[in-house]
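Biologist: Could you take a close look at one part of this complex for me, and show how it sits in its surroundings? I would like the cut-offs behind each term as well.

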Amino acid sequence: MKNQINAGLLACALVLAPIAAHADTADGSSLIGKSWDEVVSLAKGGEVNWFLWGGSDNINQYVTEFIGGILKDDFDIKLNRVGLSDTVEAVNIVLGEKESGVLDKGSVDMIWINGENFRTMKQGGLAFCGYTETLPNNKLVDWSNPAIANDFGVPVEGCEVPWSKAQFAFAYDTARTNSPPKSIPEIIDWAKANPGKFTYPAPPDFNGSVFVRHVFYYAAGGVDNLLGDFDQAKYDEVAAKTWEILNDLEPSLWREGKTYPASISALEQLYANSEVDLTFNYEPAGVGLNIENGVFPPTTQGYGLTDGTIGNTNYTIIPFNSPNKAAAMVLQNVLLSGQAQYQKALPDVWGAAAAIDVSRTSDDIQAKFASLNPHPNVAPAAELAKAALPELQASWISAIEKGWQENVGN
Amino acid sequence: MVGKDSLGIRSFRFLTGSLLIIWLVLPLIPLAIWSFAKGWFFPDLLPTHWSMRAWEYAFSDTSGVIDSLWLTIGISLAATVLSILIGVPAGRALGLYNFRGKQLVELMILAPIIVPGIAVVLGIHSVFISFGLNNTVSGVILVHLIPTLPYMILVMSGVFSNYDPAYEAQARTLGASPLKTFWYVTLPSIMPGIIVGGLFAFLVSWSQYVLTLLIGGGRVVTLPLLLFNFATSGRNDITGAIGMIYILPGIIILLFTARHLSGRNGAVGSFGQI
């Protein structure tokens, strides 16, 4: 059976081979340590298929027009942006290819990724690793920062490259609410005093899960005890308190907590239509874009919590079976450049915080970053960063999500 | 059958007809309004700000909607033609003849409707990879046949179960060649079934998401893929604009075939009677 499949694959490979006119750079190990000029010349004339969440026209335009334009004009590389509704779809393609023995003709050249999906890719041997030093712009990345060197507690170890940073922030409508609650205990009290005006998306929704983790941190009396590997005894103790808080809160939630919004966009719609008065998002810049795009009322204001909010770094990863690794590396290097990171930080483009250490860029880029005018309604990144909380390891996160479903969301 | 319907029946028919149209058209109105809105909040009856931005994005090169529209039309038409080519003989065999294992064959044909696609799609993916069909338009057309064929075959077997092959025999005794017999006798009498089955096949192929994403590997970007991106992210304006483009071919085809869907023709009437 295996032989038959292999024979079939060989046949396909022979049939497909003439299509690849440019250099096939599936063999990643041969690229590591090569001079950058060589990598660029191998990538020339090729293409790169980048799979990323496609639900924002602003991000799509930034990627296709700005980044795609640089790749076309400067490197003669065709960027094919593949929009996803959920990143796990791309991970499943790579996983399916590996199980079917497609080891060097994969269809995915790069994925925008972090957290659970990164853990799947790294532990499953689905990632191309160890090449990051080869990228010239890698020197702009501060790998000594644990928030960069670890992706949701999983060491990056050269298997992905940071692209952007995000930190959880809340938002309220100044026309409806005078003084919003500014910490987790305040939010709980506020929700009880204003029945039906607060809710959160049911985990495992990405954002709903982050909200539950904030309550988990609060129940634990701080995050310090939770860092590191999963600890069942500690989990049981904190989880019991967390479920008690959330179950106690449930009758005061939107629709008496009989149901929870299924996704962050459902919560945002509830907020936009005045059914609930608070919303939140892992991407704080989303408030600005949502106002400009008419999703949120213009009187919406983003803010952070006094007891801190959770932050993450998100990355781009190259699958082990990508046939266009050189082009993907060129793309990653462009994404890391000061110019591309600055463009991404412009409030009318995206407003996302830079993943590079801006102080390592040229004076010109530093001056540009200094002159950025953030969207007035977005919680300022510098202010959020003053009270930033780390993410837990993915094993903790999945335990909390499962526990919530069994104890609160049942 | 009945020459003149009574006034009561006629007004009842008018009422149910209008209700059905309202029920079908009403949900599309907010979609159309959203596509021109910049912000539309409860309790406003209409948006306060209007904008062409969603449509500009939908027609821009970045969104790829227009390329994807043509590609989706091509894929769905190809899947429809293949469904007809396979479905007509299969439906004839099931509708006219009894043979050993017929029930098993019927069950196998219905299986793709019974088993949820998401459960088997990863298995299908690895089969398509081993045949080298992934990431290609032809692979996507082929994989669309899995959900479209059951509908086509069901309709055609219904048509053939009410079909009298004696007409064909008569044409042959009068000297018509097999081809002429098919063209002048068989085809006209099964045409309503082909149109109805083809319509089903087209619309089923038109709305595939998971199969297209996985087998197409992101290289074959059909409209549902683009639409889902925005529908799941809460961008009602762009979802509205792409949605309006998305329903257009369905409506056009429905208009062309409406007279065959009146409910009085054999294909619809006998639907489901294998």
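Modeller: Happy to; what follows starts from one helix of chain A and works outwards.

A word on ground rules: this is a predicted model, in which local features need pLDDT of at least 70, side-chain atom pairs count only at pLDDT 80 or more, and totals for chains, interfaces and linings use all residues. Residues are numbered from 1 along each chain as its sequence is written, while chains are lettered from A and ligands numbered from 1 in the order in which they are written.

The helix is α3 of chain A, residues 57-75, and it has a kink of about 30° centred on Gly68(A). The bend at a residue is the angle between axes fitted to the seven residues ending there and the seven starting there. Helices (H or I, at least four residues) and strands (E, at least two) are DSSP runs, numbered from the N terminus. Gly68(A) is also one of the buried residues of α3(A), and others include Asp57(A), Tyr62(A), Ile67(A), Leu71(A) and Phe75(A). Buried here means 20 or more other C-beta atoms within 10 Å of the residue's own; exposed means 12 or fewer, partly exposed lies in between, and C-beta atoms are placed from the backbone. Just after α3(A) comes Asp76(A), with a positive phi near 55°.

Now for the strands on either side of the helix in the chain. β1(A) is mostly covered, with six of its seven residues buried. β1(A) runs parallel to β2(A), and seven bridges join them; two strands pair if DSSP finds at least two bridges between them. Within this pairing, Val48(A) stands opposite Leu79(A) of β2(A). The path from β1(A) through α3(A) to β2(A) is a right-handed β-α-β crossover, a term for a path from the first strand over the helix to the second that runs clockwise with the strands pointing away from the viewer. β1(A) also runs parallel to β3(A), residues 110-113, through two bridges, and there Phe51(A) has Ile111(A) as its bridge partner.

The same neighbourhood turns up at the interface with chain B. The contact takes 37 residues from chain A and 33 residues from chain B, where contact means that the C-beta atoms of two residues, placed from the backbone, lie within 7 Å. On the chain A side, the elements giving two or more residues are α1 (2-16), β1 (47-53), α3, β2 (78-84), α4 (88-99) and α10 (264-272). The largest share, six residues, comes from α1(A). By class, the chain A side has twelve nonpolar, 19 polar and six charged residues; Ala, Val, Leu, Ile, Met, Phe, Trp, Tyr, Cys and Pro count as nonpolar, Asp, Glu, Lys and Arg as charged, and the others, Gly among them, as polar.

The partner, chain B, has 13 helices and zero strands. Its C-alpha trace spans about 70 × 65 × 30 Å along its principal axes, and buried residues make up 36% of its 274 residues. Of the contacts in chain B with a separation of 6 or more, 75% come from residues 24 or more positions apart.
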